Amino acid sequence: MTSIFHMISGAPDPVAPFSHAVETDGWLFVTGQMPFMDTSLASPYPEGIEAQTHQVMKNLVTVLVGCGYALRDVVSVRIFLTRFEEDYEAMNAVYASYFAAGRRPARTCVGVTGLAKKALVEIDLVARRP
């Protein structure tokens with residue numbers, strides 16, 4: 001089994017020592033993405049949970065496409081929220097718009113005490129090559 005460690009041009013720079021994604025045997029494990037609006041870690045986050053969720057999804061799509069995958073290939077998602085009670089419903093509304101109702105990935109969503117650079121949301125995922 002050979003693994004490919006992906007660093008994707010156009011995706012935000014890592015906030016820690018990691019690859020954007022690791023691919024092995026047709027599985028793609030995408031590192032949690034933050035709501036950076038540019039590749040630089042100095043770029044600001046958009047305001048509010050809806051805008052941050054859209055930006056995180058955009059960054060995830062950049063990594064997926066850079067690895068030759070698409071949202072339709074996603075099988076599992078983990079979501080981390082710093083303001084769980086306050087932001088859960090609004091985040092869900094945005095998140096749901098990215099997946100067809102009959103093809104939504106398995107998912108876990110948890111509240112956390114903090115995320116890098118004080119983000120409101122972080123999302124990672126696993127995809128499988130068809």
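This passage describes strand pairing, aromatic contacts and a surface patch in a predicted model.

Strands E4 and E5 run parallel. E4 spans residues 74–81 and E5 spans residues 106–111. The two strands are joined by 6 bridges. One bridge pairs Ser76 with Ala106 of E5. Between the two strands, the chain passes through helix H2, which covers residues 84–96. The resulting β-α-β crossover from E4 to E5 is right-handed.

Aromatic pairs number 3 in the model. Among them is the pair formed by Phe36 and Tyr45. The centres of these two rings lie 5.0 Å apart. The ring planes meet at 45°. This angle is neither under 30 degrees nor over 60, so the pair is classed as tilted. Both partners fall below the 20% cut-off for burial. Phe36 has a relative accessibility of 2% and therefore counts as buried. Tyr45 has a relative accessible area of 15%, so Tyr45 is buried as well.

Trp27 presents another setting. The residue belongs to strand E3, which comprises residues 27–33. Its relative accessibility is 32%. Trp27 is therefore partly exposed, because this value lies between the limits of 20% and 50%. Trp27 also contributes to a nonpolar surface patch, together with Phe29 and Val75. The patch covers about 250 Å². Membership of a patch requires over 30% relative accessible area, so the 32% of Trp27 satisfies this condition.

Note on methods:
Residues numbered from 1 in each chain as written. Predicted model: local features only at pLDDT ≥ 70, side-chain atom pairs only at ≥ 80, totals over all residues. Heavy atoms only, no water. Patch = residues over 30% accessible without salt bridge, like charges linked within 9 Å, V, L, I, M, F, W, Y side chains within 5 Å. Areas by Shrake-Rupley, 256 points an atom, 1.4 Å probe, with all protein chains shown as cover. Salt bridge = Lys/Arg side-chain N within 4 Å of Asp/Glu carboxyl O. Helix = DSSP H or I, 4+ residues; strand = E, 2+ residues; numbered from the N terminus. Buried < 20%, exposed > 50% of the residue type's maximum accessible area, 1.4 Å probe, protein only. Pairing = 2+ DSSP bridges. Right-handed = clockwise from strand over helix to strand, strands pointing away. Phe/Tyr/Trp six-rings, centres within 6.5 Å; stacked < 30°, edge-to-face > 60°.
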